[in-house]
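This note sets out several points on the packing of the structure shown below. It deals in turn with aromatic pairs, nonpolar cores, a loop residue and internal cavities.

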Amino acid sequence: MPDIPGNKLSVLVIEDSQADTELNIRLLKKAGYDVSFTRVETEVQMNEALAKGQWDLILSDYMMPSFDVSRALEVYHAHDSQIPFIVISGAIGEEKAVQLIKSGVHDYLLKDNMARFIHVIERELREAANRKELISISHALAISEAKYRSYIDHAPDGVFVTDENGKYLEVNEAASRITGYTREELLSMSISDLLTEESMKEGLAQFGMLSENGTSRADLQFRHKDGSMLWWSVEAVKLAGARFLGFTKDITVRKNAIFEAIKAKEELEHLNRRLTDAREDERAAVAMEIHDELGQSLTAIKIDLNWVMEHLSDTPKSMQKIAGVIKLTNDTIKKVQRISSELRPELLDDLGLATAIEWYADEFEQRTGIRCELTLEDVPDWDKQINLALFRVFQEALTNVIRHSNATVVTINLGYKPEGITLVIQDDGVGIPGEKISSGKSLGLIGMRERAKQIGGTVEFEKIRLSGTKIVTFIPLPKQVAKKP
């Protein structure tokens with residue numbers, strides 16, 4: 001456990017979801033921390049919190065309706081903060097993950113995989129404590145050369161001193177071990193001699209920040225003497241006399257593990273998208289077959305039975321029997337039409353999302369007796385995949401209402417703004433248990449999240465305090481689409 005008095009932990013949470021915030025705080029408390037926290041979701045709130053509070057840890061969502069992690073990092077750097085900054089988000093690509101780390105994020109976690117959460121927290125708190133101690137020691141060493149020299153020689157991490165041009169003035173044995181160069185070789189080199197082309201721009205930017213602000217932290221890619229590419233965590237402080245003290249740690253294994261995990265997740269998501277598309281194509285094909293083949297055959301049977309009934313002069317019992325068969329055929333035709341529409345509603349493709357939701361809600365109400373209250377805005381039909389994904393989320397939500405909620409009323413709100421489409425479904429039933437929201441076994445909820453994730457959206461589940469469940473789906477629209485009239 002990190003060296004925090006009484007295990008007290010003051011956490012600043014940048015998050016628009018109260019449910020996600022409470023889940024993360026519960027995990028920290030379960031791990032033995034005495035947690036106090038404040039949740040913010042705007043730039044103004046974050047500025048006020050950093051100005052007023054003393055924080056041990058920052059947990060941030062990646063994207064919020066009016067605030068994102070890029071702007072949060074600008075605020076963070078503006079306060080010259082050294083607090084561990086950890087991003088917890090849905091899936092992001094490798095390029096964005098690298099950008100986050102380059103921008104100063106200490107680590108990031110995926111919301112659907114929090115197994116590393118406590119390990120990452122403990123590691124970053126421990127390293128923050130070490131950084132604080134090392135910085136304190138570095139200033140003390142400037143006064144006492146003997147103590148300074150002793151620490152340099154015995155520090156477990158690579159320690160180096162450079163001039164204002166990045167030329168090495170002093171290095172320790174660990175720095176030689178990490179780089180592969182001897183101490184004498186390093187003292188004839190500068191930082192730019194070791195940086196890879198990919199990290200050169202970032203390294204120069206960090207050195208400029210160090211000169212201006214007095215501190216910097218970055219994960220940079222270096223070239224080992226043997227030619228291999230390594231990732232190092234570099235933290236530095238400005239000393240007197242235009243000198244700079246830095247600490248280097250080899251984090252190649254951790255970086256490679258992160259990149260491999262991101263790549264594997266992206267491959268899995270690509271496979272899920274392909275499977276979803278294949279399933280929808282199959283549904284469309286089956287719906288067409290049912291509608292065209294089975295529907296036509298039943299209609300022909302109905303016509304023939306009506307003809308027989310008109311031309312048959314038999315007993316009333318025979319007429320009654322034929323009438324019953326005609327009614328059964330009618331009912332079967334309606335069922336075929338309903339099944340075909342549920343597999344792939346023609347209304348969705350022909351008249352749009354709002355009309356399809358209205359039709360399905362009416363069918364649902366007639367079938368179950370659960371009243372549906374609708375507030376629907378027309379959604380521009382720019383992308384049929386967006387409409388289809390929202391309609392499938394809507395279908396799954398109503399299926400869950402039937403199975404689990406014991407509800408009497410469901411309210412459905414479909415809203416459109418230039419930044420995106422929002423679908424809110426809320427019932428007055430018993431409410432979804434909190435543990436089910438985060439459970440990996442709730443296949444229906446996972447399917448809804450995956451549907452939205454595949455088109456860049458999110459689905460959030462919330463148990464209403466008094467009764468019922470609220471499901472909020474948000475699909476952001478690309479800027480070029482949002483600007484269309």
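1. Tyr-360 and Phe-394 are both buried. The model is a predicted one, and the values that follow should be read accordingly. The ring centres of Tyr-360 and Phe-394 lie 5.7 Å apart with the planes at 70°; because an angle over 60 degrees counts as edge-to-face, the pair is assigned to that class. This pair joins distant parts of the chain, since Tyr-360 belongs to helix H14 and Phe-394 to helix H15, with their positions 34 residues apart. Together with Trp-359 and Phe-391, these two residues make up one aromatic cluster.

2. Over the whole structure, the search returns six aromatic pairs. One of them is formed by Phe-160 and Tyr-168, again edge-to-face, at 5.8 Å centre to centre and 80° between the planes. Are these two residues buried or exposed? Phe-160 has a relative accessible area of 9% and is therefore buried, given the limit of under 20%. Tyr-168, at 6% relative accessibility, is likewise buried.

3. The largest nonpolar core contains 37 residues, and those with the most contacts inside it are Leu-353, Ile-357, Phe-391, Phe-394, Ile-412, Leu-414 and Leu-423. Two or more residues each come from helices H14 (353-368), H15 (384-405) and H17 (443-453), and from strands E14 (409-417), E15 (420-427), E16 (458-463) and E17 (469-476). Helix H15 gives the largest share of this core, with nine residues. In soluble globular proteins, nonpolar side chains tend to be buried together.

4. Ile-357 illustrates the packing in this region. Leaving aside residues up to four places away in sequence, Ile-357 touches Leu-376, Phe-391, Phe-394, Ile-412, Leu-414 and Leu-423. A second core, separate from the largest, has 27 residues, among them Val-40, Tyr-62, Phe-67 and Leu-73.

5. Asn-406 deserves a separate remark on backbone geometry. The residue is located in the loop that runs between H15 and E14. Its phi is near 55°, a positive value in a residue that is not glycine. Asn-406 has 68% relative accessibility and so counts as exposed, the threshold being over 50%.

6. How many cavities of 30 Å³ or more does the structure hold? The search of the whole structure finds four. The largest cavity encloses about 70 Å³ of space. Its lining consists of Gln-82, Arg-131, Leu-134, Ile-135, Thr-215, Ser-216, Glu-235, Ala-236, Val-237 and Phe-247. Helix H5 (117-143), strand E10 (215-223) and strand E11 (229-239) each contribute at least two of the lining residues. By class, this lining comprises five nonpolar, three polar and two charged residues.

7. The second largest cavity has a volume of about 40 Å³. Val-379, Pro-380, Trp-382, Asp-383, Ile-386, Asn-387, Ile-421 and Leu-477 line this space. Six residues of the lining are nonpolar, one is polar and one is charged.

Technical notes: Residues are numbered from 1 along each chain as its sequence is written. Side-chain values use heavy atoms; hydrogens and water are left out. On a 1 Å grid over the protein atoms alone, a cavity is a set of points where a 1.4 Å probe fits but cannot get out, and a pocket is an open set with protein on both sides within 12 Å along at least five of seven lines; lining residues have an atom within 4 Å of a point. Grid points are joined across faces, edges and corners, and a volume is the space filled by probe spheres set on the points. Helices (H or I, at least four residues) and strands (E, at least two) are DSSP runs, numbered from the N terminus. Ala, Val, Leu, Ile, Met, Phe, Trp, Tyr, Cys and Pro count as nonpolar, Asp, Glu, Lys and Arg as charged, and the others, Gly among them, as polar. A nonpolar core is a set of buried Ala, Val, Leu, Ile, Met, Phe, Trp, Tyr and Cys residues joined through side-chain atoms within 4.5 Å. Buried means under 20% relative accessible area, exposed over 50%, partly exposed in between (1.4 Å probe, protein chains only). Contact means heavy atoms within 4.5 Å. Rings of Phe, Tyr and Trp (its six-membered ring) pair if their centres lie within 6.5 Å; planes under 30 degrees apart count as stacked, over 60 as edge-to-face and the rest as tilted.
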